[in-house]
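Here's a quick tour for anyone meeting this structure for the very first time. Take a look at it below, and then we'll walk through a few of its parts.

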Amino acid sequence: MSALIQVQTQNLPLLMVGAGRVAARRLPYLLQAGFQICLMDPRPLHDLPLEIQERVADGSVNFVQRAANLADAAVYSWLVLASNDQRLNQELAEASLVRGAMVNNASNAELSNFSFPAVVDKGSFRFSLSAKGLSPGLLKALKNRLTVLIPHSLEAVLRLVSELRPEVKKHFPEHKRALFWQLAMGSRVSEYFYLHRPDKVREALQTWLADEQIPSEGELYLIGAGPGDPELLTLRAVRLLQQADVVLYDRLISDEILRMSRPDAERIYVGKRKDRHEVPQEDLNQLLLQLCLQGKRVARLKGGDPYVFGRGAEELQLVVQHGLPFQVVPGITAANGAAAYAGIPLTHRDHAWSVRFVTGHRKPGASLNWASLVEEGQTLVFYMGLQQLPEITSGLIAAGLCPQTPVALISEATTGRQQKLLGELSTIVELQQQSQLPSPSIIIVGSVVSLSHQFAWFDQLLASL
Ligand code: SAH
């Protein structure tokens, strides 16, 4: 059996035997393929599925109310056998296959010589999937996921490509054409599609055609990779990650996320090593610049959001100074990820009207403005505060926050290893001494934490697995 041959089926006569649910599911594909369909079933039309009644009413299908027999089948070269009567399906299939007809037998894949693969269909773009009949259900789920991943802009890409093909043909010899499209679609210009500006793409492609070359230019993608769960990456993050030539990452980035990059991409670890310190920030900035200057598309993956305690701006600085192109992709910051997965609404009309993201890790000598942190109606989220937990809690109590204020410590939030410690300002230090939750951990302070019992869906999910 081949999945690689496409057949022109416009206006070919096809006999469909049986007009039940299976037939109703297959009918749209057959109509899309252009078949002239005769549908046979002994039941009256008003007993058949509504979709079928509609297709008969609008004339797309010719309905004959009786059971099909061998003589009917004998005049058709294409047959779909979807009757409830399996013996009839078998009898018609055997006779038709012997004649060399094309047969799809819904009740027996062995007695078929064509099938209906799952089709991902988005505008002019279409591809089919097959799991060799092993799991139609799984295949359908996969198909739905893949369909969502195909950007809407692809239709515009296809139209533009077909429009410009004659010009490309004129400018480039055959062996260079494929390379041209490959480079063009992998270049910065393709970004315009995602911003729905095909006019800009046309402009750039025409310039390149006139110059008969595509400038290769490095670019930096500063990508927020979220707090851990790979499903929390944005579609844009995944797309840019998949086109990057080099990927730089640190310990906040999981293997699973890293594996979403191109298999042939170079991967560089720039986080803390066991025995050494982190790569100094200046060296890292310099490395990013050098890679871009070599014409590479460089993805720098940052945990959470690049602009929340992520030194994102510092890492862009040199690239900006050299006038090189860059993009910044926002990510779900640890506070948002931890709050959602631990069941803590950061604001709530009855509890908190503002949220503060605070760093527990300060430069030596710098001190937090405690008085501003204990104002009424706010939720406080401390990043990098695990080591400073005793100072944070005593500072807040000393500044006037009630010692019974609820506190949550959430570690490795959004991952399968997420743990949560619930306590109060006066008890959380001792609880953590006993539990020793590992880093990375985030601390949430405020009365919203008391809602965590109600909304802890992720704990329930983990417990139920
Ligand atoms: N840019 C990141 C923050 C980097 S600072 C962001 O937007 O999330 C590093 C701190 O983030 C850690 O010390 C910890 O407090 C917090 N953090 C990051 N990932 C976390 C996770 N999965 N669970 C809990 N805290 C996390």
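## A walk through the model

Let's begin with a right-handed β-α-β unit, made by strand E4, helix H4 (residues 86-99) and strand E5. Keep in mind that what you're looking at is a predicted model.

The two strands of that unit, E4 (residues 78-81) and E5 (residues 102-105), run parallel and are joined by 4 bridges. If you'd like a spot to zoom in on, find Val-80, which stands opposite Asn-104 in E5. E4 also pairs with strand E1 (residues 13-17), again in the parallel sense, over 3 bridges. Val-80 turns up here too, as the bridge partner of Met-16.

So what about the side chains of E4? In a regular strand, side chains alternate between the two faces of the sheet. In E4, Trp-78 and Val-80 sit on one side and Leu-79 and Leu-81 on the other, and all of them are buried, so both faces of the strand are covered. Trp-78 has aromatic company as well: ring pairs link it with Phe-35, Phe-114 and Phe-116 into a cluster.

Now zoom out to the whole chain. The domain assignment gives domain 1 (13-116), domain 2 (154-211), domain 3 (219-332) and domain 4 (335-362 + 371-464). Between domain 1 and domain 2, the C-alpha centres lie 44 Å apart.

Back to the rings: how many aromatic pairs are there? The count comes to 9 aromatic pairs. One of them is formed by Tyr-341 and Phe-458, a tilted pair with 4.7 Å from centre to centre and 55 degrees between the planes. This pair links distant parts of the chain, since Tyr-341 is in helix H14 (residues 334-342) and Phe-458 is in helix H19 (residues 457-464), 117 residues apart. Are these two rings buried or exposed? Tyr-341 counts as buried because its relative accessibility is 9%, and Phe-458 is buried too, at 6%.

Another pair brings together Phe-357 and Tyr-383: their ring centres are 5.8 Å apart and their planes are at 55 degrees, so this pair is tilted. Phe-357 belongs to strand E13 (residues 354-359) and Tyr-383 to strand E14 (residues 378-383), so the pair ties together parts that are 26 residues apart in sequence. At 34% relative accessibility, Phe-357 counts as partly exposed, whereas Tyr-383, at 9%, counts as buried.

Finally, there's the ligand. It has 16 residues around it, and Asp-305, Val-308, Thr-333, Ala-334 and Ser-441 come nearest. Here are some of the polar contacts, one per row:

| Residue | Atom of the residue | Ligand atom | Distance |
|---|---|---|---|
| Gly-303 | polar backbone atom | nitrogen | 2.9 Å |
| Val-308 | backbone N or O atom | nitrogen | 2.7 Å |
| Thr-333 | polar side-chain atom | oxygen | 2.6 Å |

Val-308 and Thr-333 are thus on both lists: they are among the residues that come nearest to the ligand, and each has a row in the table.

Key: Residues are numbered from 1 along each chain as its sequence is written. This is a predicted model: local features need pLDDT of at least 70, side-chain atom pairs count only at pLDDT 80 or more; totals for chains, interfaces and linings use all residues. Side-chain values use heavy atoms; hydrogens and water are left out. Domain bounds come from an automatic or database domain assignment. Two strands pair if DSSP finds at least two bridges between them. A crossover is right-handed if, with the strands pointing away from the viewer, the path from the first strand over the helix to the second runs clockwise. Rings of Phe, Tyr and Trp (its six-membered ring) pair if their centres lie within 6.5 Å; planes under 30 degrees apart count as stacked, over 60 as edge-to-face and the rest as tilted. Buried means under 20% relative accessible area, exposed over 50%, partly exposed in between (1.4 Å probe, protein chains only). A residue is near a molecule or strand if one of its heavy atoms lies within 4 Å of it. A polar contact is a pair of N or O atoms within 3.5 Å; within protein, one must be able to donate a hydrogen and the other to accept it, and residues adjacent in sequence count only if both atoms are side-chain atoms.
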